[in-house]
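Please work through the following exercises with the sequence and the model side by side. Each task is followed by a solution that goes step by step.

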Amino acid sequence: MTEPLLQVTGLSKTYDGGPRKVTALSNITFSVEKGETLGLAGASGCGKSTLARILMRLVPPDSGSIRFQGQDWLALPQAALRKQRKHMQMVFQDTVGAFNPHATVTSAIGDPLRIHNIVPATGREREIHRLLERVGLPASYAVRPIMALSGGQRQRVAIARALSLRPDLLVMDEAVSALDVSVRSRILKLLVEIQRDTGIACIFVSHDLAVIRAVCHRIAVMEKGHIVESGVTGKVIAAPQSAAAKQLIEAVPRLDILHEDIRNAEP
Ligand SMILES: Nc1ncnc2c1ncn2[C@@H]1O[C@H](COP(=O)(O)OP(=O)(O)OP(=O)(O)O)[C@@H](O)[C@H]1O
Ligand SMILES: [Mg+2]
């Protein structure tokens with residue numbers, strides 16, 4: 001049997017800095033296969049972002065292991081990590097804070113292309129245009145300042161920037177939560193398309209089961225730092241076993257119509 005793209009085993013994290021200890025993650029275990037989208041769902045404070053940040057090595061866990069692309073991801077020294085990080089990219093909820101406020105679309109996408117030497121300098125402009133088209137923005141947007149874009153446009157640029165490094169895993173932490181419903185739908189469709197074309201895997205963090213249902217093959221439901229239920233998305237939603245999953249479903253009264261089933265829709 002081949003190894004999954006990502007294997008997380010026994011991850012735990014307690015925040016100890018403030019007036020009280022908070023156990024954000026307890027013994028988290030899951031895997032993601034190449035090309036798969038795993039939804040991480042759960043109420044506010046259940047530990048989703050902590051998990052995403054640990055995966056990106058922005059925060060160290062207290063214990064547990066992460067194997068990514070067959071490597072001991074947590075053991076990679078900083079110099080190796082800087083090189084390997086391009087394989088795992090993250091898109092955040094906050095589209096303003098994710099960018100240098102003085103950046104243009106060209107510098108936002110072009111800088112990582114240059115730093116990681118993805119394409120030769122002469123091909124960089126063409127690559128930026130290709131990536132913009134990939135996320136449904138006209139090439140003419142390349143010259144615009146990032147802060148002159150709408151939230152939905154900026155999130156498309158954030159996705160283009162993440163894709164520019166040709167990662168194998170994209171971690172999206174509430175990346176569409178702040179967008180209005182129609183922009184959100186368009187970005188979710190785009191994500192499914194990109195996956196179909198590139199085979200990229202995705203961890204899709206959301207408290208919104210309607211969104212998870214639209215794009216995720218499998219779901220892991222979290223509650224207070226634990227994964228309390230996991231399985232094929234449709235099955236978990238049709239017959240939830242845990243109180244946490246039932247609550248998430250109740251929070252979206254019109255699960256059936258809020259987002260059409262994007263993944264299974266005819267193109
Ligand atoms: N830097 C930190 N220091 C102390 N406690 C923290 C820190 N970051 C998160 N926490 C706590 O850890 C727990 C998990 O937080 P986390 O942000 O991972 O949850 P979340 O599921 O992403 O929530 P949300 O849906 O609101 O984004 C919460 O109780 C939170 O208050
Ligand atoms: Mg969060």
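The exercises below treat a ligand site, a helix, a helix pair, some single residues and some backbone angles.

This is a predicted model, in which local features need pLDDT of at least 70 and side-chain atom pairs count only at pLDDT 80 or more, while totals for chains, interfaces and linings use all residues. Residues are numbered from 1 along each chain as its sequence is written, chains are lettered from A and ligands numbered from 1 in the order in which they are written, and side-chain values use heavy atoms, with hydrogens and water left out.

**Exercise 1.** Find which residues are around ligand 1, and state which kind of atom of threonine 50 lies 2.6 Å from an oxygen atom of the ligand.

Solution. Begin with the surroundings, where a residue is near a molecule if one of its heavy atoms lies within 4 Å of it: ligand 1 has around it Tyr15, Val22, Ala24, Ala43, Ser44, Gly45, Cys46, Gly47, Lys48, Ser49 and Thr50. Next, take the short distances to oxygen atoms of ligand 1: a backbone N or O atom lies at 2.8 Å in glycine 45 and at 3.1 Å in glycine 47. For threonine 50, the atom at 2.6 Å is a polar side-chain atom.

**Exercise 2.** Decide whether helix 1 is largely enclosed or not, and explain why.

Solution. Helices are DSSP runs of H or I with at least four residues, strands are runs of E with at least two, and both are numbered from the N terminus. Buried means under 20% relative accessible area, exposed over 50%, and partly exposed in between, with a 1.4 Å probe and protein chains only. Helix 1 covers residues 48-55, and because six of its eight residues are buried, the rest of the structure largely encloses it. Those buried residues are Lys48, Thr50, Leu51, Ala52, Ile54 and Leu55.

**Exercise 3.** Describe how helix 3 and helix 4 cross, and list the residues that make the contact.

Solution. Two packed helices are described by the angle between their axes and the distance between the axes. The axes are lines fitted to C-alpha atoms over the stretch in contact, with angles running from 0 to 180 degrees between N-to-C directions. For helix 3 (residues 105-115) and helix 4 (residues 124-134), the axes come within 10 Å and cross at roughly 115°. Contact means heavy atoms within 4.5 Å, and here helix 3 contributes Val105, Thr106, Ile109, Gly110, Leu113 and Arg114, while helix 4 contributes Arg124, Glu127, Ile128, Leu131 and Leu132.

**Exercise 4.** Determine whether arginine 134 is buried or exposed, and identify the side chain that a polar contact of 2.8 Å joins to it.

Solution. Arginine 134 is found in helix 4 and is buried, with a relative accessible area of 19%. Its side chain is joined to that of aspartate 197 by the polar contact of 2.8 Å, a polar contact being a pair of N or O atoms within 3.5 Å, where within protein one must be able to donate a hydrogen and the other to accept it, and residues adjacent in sequence count only if both atoms are side-chain atoms.

**Exercise 5.** Compare the setting of asparagine 117 with that of glutamate 174.

Solution. Most residues other than glycine have a negative phi. Asparagine 117, however, has a positive phi of about 50°, and so has glutamate 174. Asparagine 117 sits in the loop between helix 3 and helix 4 and is exposed, at 60% relative accessible area. Glutamate 174 sits in the loop between strand 7 (169-173) and helix 6 (181-198) and is buried, at 9%.
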